[in-house]
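Here is a quick tour of how some side chains pair up in this model. Have a look at the chain first, and then we can go through it piece by piece.

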Amino acid sequence: MTPDLSNEELQELEAQLSCPSGAAGVSMGENMNATNINMTRTSITMLNLKDKSRVLELGHGNCGHLDGLLKQAKGILYTGLEVSETMYTEAHRNNRQAVSFGQAEFHLFNGTVIPFASERFDCVMTVNTIYFWKRPIELLNEIHRVLKPTGSFVVTFSEKEFMKKLPFVGKRFQLYDTAKVLRLGQQSAFAGAEVEVSRESEWVKSKAGDMVNRTFTVLKFLLT
């Protein structure tokens, strides 16, 4: 049964999903980590990480998944970017050891311009952030810029047909299906890149508290 949330509560939920903040944002980060963990693990598997891979993640949330990512291979170096100061702080708190050992670093950014030199990363990943991209083509071009010439980019998202049924999805969300994301890729610097597609489904508790059958897609763009 779907919890009886008021319009005001649904709008607050939507706002927290787009950019978690404050105490409510901390709780939202914990919820998102638990709810999205299978999507995140599937994305990490798609990266096919090698020893000493340099990984960039956009919108890492509280980054409760970092230990699992670092165990994929030896000497992985992880960089996280966030638009949410609350999630940036929580990711630091949850991963103090990895930061102190030089395995991970976290930074804030404006959601469009990636503040790193070109050809720095072997792979880039992002899970459930594409709905909130303000300038998707610009961001895709930035992702392409910071990838090494043989790098890869994994973007994971829930399909439009599923998302549009959720009560908290409003004006802050831009919904996508696979075809639309592929078109974005063709309009960006990723035009001509090889693409691998994986479609998945799972039963999860939604952010509104009810059980839903979620369909999601993982796209991997490979540079050659």
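Let's start in helix α4, where Glu90 and Arg93 sit 3 residues apart, so about one helical turn separates them. This is a predicted model, so take the distances below in that spirit. The two side chains meet in a salt bridge, with 2.7 Å from N to O. Their surroundings are not alike: Glu90 counts as buried at 9% relative accessibility, while Arg93, at 41%, counts as partly exposed.

Which residues of α4 are buried? In this helix, which runs over residues 85-94, they are Thr86, Met87, Glu90 and Ala91. These residues lie on the same side of α4, because the arc they cover around the axis is only 130°. Among the elements that cover them are α2 (22-47), β2 (77-82) and β3 (104-108).

Back to salt bridges, of which the count comes to 7. Helix α6 has one between Arg145 and Glu142, and these two are again 3 residues apart, so about one helical turn lies between them. Glu142 counts as buried at 14% relative accessibility, whereas Arg145 counts as partly exposed at 24%. In the bridge between Glu161 and Lys164, both partners are partly exposed: Glu161 has a relative accessible area of 49% and Lys164 one of 47%. Here are three of the bridges side by side.

| Salt bridge | N to O distance |
|---|---|
| Glu90 and Arg93 | 2.7 Å |
| Arg145 and Glu142 | 2.8 Å |
| Glu161 and Lys164 | 3.0 Å |

Now for a charged residue that goes without. Glu57, in strand β1 (residues 54-58), is buried but has no salt bridge. Why does Glu57 have no salt bridge? A bridge needs the nitrogen and the carboxyl oxygen within 4 Å, and the nearest side chain of opposite charge, Arg41, is 12 Å away from Glu57. What the Glu57 side chain does have is a polar contact with the side chain of Tyr78, at 2.7 Å. Setting aside neighbours within four places in sequence, Glu57 is in contact with His65, Tyr78, Thr79, Gly80, Leu81 and Met125.

On to the rings. The model has 9 aromatic pairs. One of them joins Tyr131 and Phe173, a tilted pair with 5.8 Å centre to centre and 40° between the planes. Tyr131 is in the loop between β4 (121-127) and α6 (136-146), and Phe173 is in the loop between α7 (160-163) and α8 (178-186), so this pair ties together parts 42 residues apart in sequence. Both Tyr131 and Phe173 are buried.

Another tilted pair is Phe190 with Phe221, at 5.4 Å centre to centre and 55° between the planes. It links distant parts of the chain too: Phe190 is in the loop between α8 and β6 (194-205), Phe221 is in strand β7 (residues 211-222), and they are 31 residues apart. Are these two rings buried or exposed? Phe190 is buried, with a relative accessible area of 1%, and Phe221 counts as buried at 3%.

Finally, Tyr131 and Phe173 belong to a wider group: ring pairs link Tyr131, Phe132, Phe168 and Phe173 into a cluster.

Definitions and conventions. Residues are numbered from 1 along each chain as its sequence is written. This is a predicted model: local features need pLDDT of at least 70, side-chain atom pairs count only at pLDDT 80 or more; totals for chains, interfaces and linings use all residues. Side-chain values use heavy atoms; hydrogens and water are left out. Helices (H or I, at least four residues) and strands (E, at least two) are DSSP runs, numbered from the N terminus. Buried means under 20% relative accessible area, exposed over 50%, partly exposed in between (1.4 Å probe, protein chains only). Lys and Arg count as positive and Asp and Glu as negative; His and the chain ends are not counted. A polar contact is a pair of N or O atoms within 3.5 Å; within protein, one must be able to donate a hydrogen and the other to accept it, and residues adjacent in sequence count only if both atoms are side-chain atoms. Contact means heavy atoms within 4.5 Å. The arc is that of the directions from the helix axis to the C-beta atoms. Rings of Phe, Tyr and Trp (its six-membered ring) pair if their centres lie within 6.5 Å; planes under 30 degrees apart count as stacked, over 60 as edge-to-face and the rest as tilted.
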